[in-house]
Amino acid sequence: HFFALTLKMSGANAPVSLPQVPQDDGDCDHLDVAVLPNIVLPMAEDTLPPKPVRLAELTHTPTLIFVYPGVDASGENTPTAAAQPPEAQGCAAQAAGFRDLHQEFQQLGVRVVGLSTQPSEEQHQFRTRLGLPFSLLSDSELGVTKALRLPTYDVEGQTLLKRMVWFCECGRIMKIFYPVFPPGQSADTALRWVRRNQRRQQARAQLVKFPVASPFRLAVNDSFYISDITFADKAAFVEHFKEKDINFFTEYIPFPYTEEDAENWVNTVVAMNARQGHSRRWAIRRASDGYLVGSIGLIDLQVGTPHASEIGAWLAKPFWGHGIITQVAHAVLAYGFSDEVGMYRVFAYVFPDNPGSLRACEKVGFKVEGRLRKFRERQGSLADVILLSKLKGDP
């Protein structure tokens, strides 16, 4: 991506190494709207040892992750500059840019973190040296790198990540900045995009046909209905997720599940609904008292625009085996496939050892497309999933 130029200045030849603006080589195309693996990574903060965090859970709320090759404690690039490709240089300048604009990102409700393949101890030293107010994630074991097939290069036996910036929300990469050049302006570029994006979302919320100001409610049958998740549902989440089987058959629900987990998740859903102008994740409620007994969502729902969406759901264990999730899915699919909403395809990922969910999908007309090998993180390792889908107009 780079080459050296020799410029003629004031009648004399003065060799000046100027990096050319890199071109997009397509190495990040597959990351658009990619689901982040729920892999545990060490996170360098103020003190050691690093705090273990799950990547997908960390990015449920708006998060900006700047991915950088690596720097040593002095703030210089690592390994030696002579061995590095030119595009690896500028890590300290990039981190300092995010440091200087960190408060502005916070005011917009966006978390900032860094990610590299360096060990946490080196990241901690670098963080202290530059006075970085945000955390740094270490993928030194290359779990995320391999799961997402991130672009890398090898230098002196080390695997370094190519520089990129992700805006993440709901466990997905929603925007990719790649290639990043110059590194020192990376934070400013990202900040301007975040501001524009939030203005667009606010404008879209005022125009959407189903505004969040009008609470969502969808009848299922005489015993159950679907509606928005609210702050009053936190206790129900904590109660139901005491059951480890729900964690085992889903991807992003932590175990054990705490009140803080419930607080963070409900706050995220409510805030996301307000920004988007419509809800995507709903509570399955008992009609007799409105108690939350499960949840279902069209994760990529875009009201009024032709689109495809992933569907996901869980149900509290006492309600398993009664056909409830099948009836709920029928109602949600009828809503999604309506002309007003505009969904034309819905798809689901199901673990092969979850026969209940496979049967429920088949009962509502899903067809198996295939088996994706080592596609989703589960219990600390990559697992196969069955991909099923249904098109608008399918029986």
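Two strands pair if DSSP finds at least two bridges between them. The model shown in these views is predicted.

**View 1. Open sheet of 8 strands.** The strand order is 12-13-14-15-16-17-19-18, and the pairing is mixed. Strand 12 (217-219) and strand 18 (367-378) form the edges, each pairing on one side only. From one strand to the next, the twist averages 30°.

**View 2. Pairing of strand 13 with strand 14.** Strand 13 (residues 224-228) runs antiparallel to strand 14 (residues 281-286), and 5 bridges join the two. Within this pair, Y225 stands opposite R285 of strand 14.

**View 3. Helix 10 across the sheet.** Helix 10 (residues 324-336) lies across strands 12, 13 and 14, and also across strand 15 (292-298), strand 16 (307-315), strand 17 (343-350) and strand 19 (381-391). The helix runs at about 155° to strand 16.

**View 4. Largest nonpolar core.** This core holds 35 residues, of which I226, W282, I311, V332 and F366 touch the most other members. Two or more residues each come from strands 13, 14, 15, 16, 17 and 19, from helix 10 and from helix 11 (355-363). Helix 10 gives the largest share, 7 residues.

**View 5. Surroundings of I226.** Leaving aside residues up to four places away in sequence, I226 touches F216, R217, L218, V220, W282, A283, I296, V328 and V332. Of these contacts, W282 and V332 are listed with I226 among the core residues that touch the most other members.

**View 6. Second core.** A separate core of 26 residues includes A95, V112, L130 and L136.

Terms used. Residues numbered from 1 in each chain as written. Predicted model: local features only at pLDDT ≥ 70, side-chain atom pairs only at ≥ 80, totals over all residues. Heavy atoms only, no water. Helix = DSSP H or I, 4+ residues; strand = E, 2+ residues; numbered from the N terminus. Axes fitted to C-alpha atoms, helices over the stretch in contact; angles between N-to-C directions. Contact = heavy atoms within 4.5 Å. Core = buried A, V, L, I, M, F, W, Y, C linked by side-chain atoms within 4.5 Å. Buried < 20%, exposed > 50% of the residue type's maximum accessible area, 1.4 Å probe, protein only.
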